[in-house]
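Open your viewer and get ready to make a few selections. We will go stop by stop, and at each one you will hear what to select and what is there.

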Amino acid sequence: MQAIQTENLTKFYGRARGIEGLDLEVEAGEFFGFIGPNGAGKSTTIRTLLGLIAPTGGSARVLGLDIRTRRQEILRQVGYLPAEAFFYPGQRVRDVLRLSAGLRRKDCTATARELCRRLQLDTSARVDALSFGNRKKVGIVCALQHDPALLILDEPTGGLDPLMQREFFSILRERNAAGATVFLSSHILSEVQRHCTRAGVIRDGRLIACGKVEDLADTGARRVLVRGNPDLTGLPGVRGLETLEDGVRFLYSGPMQPLLQTLASAPVRDVQITEPDLEEVFLHYYAEGGEPA
Amino acid sequence: MTLFCHELRQGRLSLAVWTLCIGFFVLVCVLMYPEFEGQMEEMGAMFASMGGFTAAFGMDRLNIGTLTGFYAIECGSIIGLGGAFYAALTGISALAKEESGHTAEFLLTHPLSRGFAAGTKLAAVLVQVTVMDLACFGFGVLSVLLVDHPVPWGDLGLLHAAYLLLHLELAALCFGFSAFRHSSGLGIGLGLAVSLYFANLIANAAPAADWLNYITPFAYTDGADLLTEGGLDPALVLPGMAYGIAALVLGFLHYRRKDMR
């Protein structure tokens with residue numbers, strides 16, 4: 001079964017484009033990364049899937065249920081963590097957790113207690129006085145305490161220190177191993193690369209690439225670092241050329257022979273040819289007029 | 001029930017503050033009555049000779065020298081207008097506060113239908129307004145007992161029933177507006193309450209503006225009409241209830257399909 005399936009999903013805010021013709025498929029049990037810069041349509045996609053906003057066109061199903069007609073059933077099985085968690089004034093953490101569980105008509109006490117322990121969250125603290133990171137922890141517990149089948153996480157690690165990030169992803173991996181689908185929207189490509197099995201890249205409201213993370217990163221391009229002073233003029237396939245103190249660095253896509261001949265004819269002390277990481281690929285996707293590297 | 005109790009908890013401070021303020025001023029007002037009681041004939045004559053102003057406050061038909069007349073005019077303004085502010089603020093913020101406080105994303109990603117969420121919030125608003133009105137009635141009774149007068153249960157009950165209807169109508173109107181708003185509409189709520197209050201004064205003072213009585217709910221809380229007629233005027237109450245219900249229906253229809261910010 002597919003956890004998320006959208007077909008030509010479109011949302012316009014008046015004349016402004018949110019998402020347009022979005023076709024996305026996330027299999028149940030996947031750890032899926034959703035990558036895109038601000039304004040690309042990530043949050044619009046998530047808010048449409050959760051029924052916070054109505055699509056202008058197209059269709060979407062979450063856990064096999066139509067988002068227009070089965071919203072409540074969907075939300076019963078979904079845990080959502082917004083990019084910035086807001087709660088009602090004057091409440092303590094335990095009140096928020098109890099309210100969230102109560103709205104789901106579920107006793108989540110044991111799971112909530114365990115999550116609070118692992119995330120080192122003080123349930124007696126007032127939410128008004130919490131830091132951004134601690135409010136995020138409250139949001140995480142609210143999203144996870146009812147053991148949802150699908151986790152939709154929007155920029156989940158913002159504000160969390162590295163130790164907490166590690167614990168958070170450890171919890172996510174456990175949930176994923178137990179069968180939950182994780183849909184992780186993030187700017188932080190290293191965490192997508194590290195944790196997700198597949199990812200989708202959204203630009204200007206459209207999905208421009210989707211596949212296994214290693215396939216997305218493996219675009220045939222190579223990151224080349226040269227210690228020396230090669231003359232790269234006339235060598236096709238060189239992009240993103242940076243001049244360093246003692247050499248140059250660039251992305252190269254093309255046959256190896258011309259590159260090696262160019263380097264061999266120049267005073268070169270050292271060469272490193274590596275695969276670019278997802279961050280570099282991502283930046284390329286978002287470069288003006290950029291095509292997959 | 002969880003959401004209902006949550007709404008009541010969120011509104012309890014505001015309810016307590018408004019109720020105590022209104023109740024306090026009702027008490028103070030009635031406690032001053034014995035001091036004025038001896039001079040009421042002169043005051044009544046003075047109030048009766050102020051032309052349009054006299055009519056605007058219904059003092060041409062009410063005897064301010066009696067406790068019920070005094071209560072209807074002096075306390076009526078405090079309870080009617082003060083309660084209207086509370087009802088308007090509670091109603092206008094009920095739905096809009098979720099978006100202005102960015103909590104809509106929290107609330108509406110739980111498995112609740114929009115209709116259920118709005119209906120529960122409406123129920124909480126109506127309960128809070130009713131509690132405020134019942135408490136004010138209690139303060140009214142207490143104040144009369146404190147000045148050693150027999151409690152005019154019938155007149156007092158009628159006046160307070162009218163105030164309750166007024167406040168429920170205003171709360172319903174503002175709740176309906178609230179569904180259309182993304183940010184706090186406190187100014188709109190207060191503005192609506194004040195506008196309707198002044199519409200009633202104008203309708204009472206100027207016969208040409210009599211039609212305003214069919215718009216403003218303050219018309220059916222007019223103490224002079226209530227105490228002389230001995231009951232509410234259905235010709236004024238029914239349109240008011242219809243406005244409130246229409247606002248609620250429109251609000252619900254919109255809220256069910258509204259894009260949340």
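**Stop 1: a cavity between chains**

Select A:Y80, A:P82, A:C142, B:F106 and B:T109: of the 17 residues that line the second largest cavity, these lie nearest its centre. A cavity here is a set of points on a 1 Å grid over the protein atoms alone where a 1.4 Å probe fits but cannot get out, and lining residues have an atom within 4 Å of a point.

Before going on, two notes on the ground rules. This is a predicted model, in which local features need pLDDT of at least 70 and side-chain atom pairs count only at pLDDT 80 or more, while totals for chains, interfaces and linings use all residues. Residues are numbered from 1 along each chain as its sequence is written, chains are lettered from A and ligands numbered from 1 in the order in which they are written, and side-chain values use heavy atoms, with hydrogens and water left out.

Back to the cavity. How many cavities of 30 Å³ or more does a search of the whole structure find? The search finds 2, and the second largest holds about 150 Å³ of space; a volume is the space filled by probe spheres set on the grid points, which are joined across faces, edges and corners.

Now colour β6 (78-81) and α5 (132-144) of chain A and α6 (104-107) of chain B, each of which supplies at least two residues of this lining. Helices (H or I, at least four residues) and strands (E, at least two) are DSSP runs, numbered from the N terminus. The largest share, 3 residues, comes from α5(A). By class, the lining has 8 nonpolar, 6 polar and 3 charged residues. In this scheme Ala, Val, Leu, Ile, Met, Phe, Trp, Tyr, Cys and Pro count as nonpolar, Asp, Glu, Lys and Arg as charged, and the others, Gly among them, as polar.

**Stop 2: two helices that cross**

Next, select α3 (residues 93-103) of chain A and α1 (residues 2-31) of chain B. Their axes come within 9 Å and cross at roughly 145 degrees; axes are lines fitted to C-alpha atoms, for helices over the stretch in contact, and angles run from 0 to 180 degrees between N-to-C directions. Show side chains for A:L99, A:G102 and A:L103, which meet B:T2, B:L3 and B:H6. Contact means heavy atoms within 4.5 Å. The residues of this helix contact divide into 3 nonpolar, 3 polar and no charged.

**Stop 3: the nonpolar cores**

Which residues touch the most other members of the largest nonpolar core? Select A:V138 and A:L172, which do so among its 111 residues. A nonpolar core is a set of buried Ala, Val, Leu, Ile, Met, Phe, Trp, Tyr and Cys residues joined through side-chain atoms within 4.5 Å. Buried means under 20% relative accessible area, exposed over 50%, and partly exposed in between (1.4 Å probe, protein chains only).

Helix α5 (residues 67-100) of chain B gives the most to this core, with 15 residues. Another core, of 26 residues, lies apart from it, and its members include A:L24, A:L50, A:L75 and A:I202. Return to A:L172 and show its partners A:F31, A:L144, A:L151, A:L153 and A:V182, not counting residues up to four places away in sequence.

**Stop 4: single residues**

The contact lists at this stop also leave out residues up to four places away in sequence.

- Select A:I67, in the loop between β5 (65-66) and α2 (71-76) of chain A. A:I67 counts as buried because its relative accessibility is 7%. Its contacts are A:T48, A:L49, A:P55, A:A60, A:V62 and A:I74.
- Select A:E155, in the loop between β7 (150-154) and α6 (162-177) of chain A. With a relative accessible area of 15%, A:E155 is buried. It touches A:K42, A:A83, A:K136, A:S185, A:S186 and A:H187.
- Select A:L130, in the loop between α4 (109-119) and α5 of chain A. This residue is buried too, at 15%, and touches A:V93, A:A125, A:R135 and A:V138.
- Select B:V127, in helix α7 (residues 114-146) of chain B. Is B:V127 buried or partly exposed? At 34% relative accessibility, B:V127 counts as partly exposed, and its contacts are B:F4 and B:L8.

**Last stop: chain A as a whole**

Zoom out to chain A, with its 10 helices and 14 strands. Of its 293 residues, 52% count as buried.

Methods. 1 Å grid on protein atoms, 1.4 Å probe; cavity = no way out; pocket = protein on both sides within 12 Å on 5 of 7 lines; lining within 4 Å.
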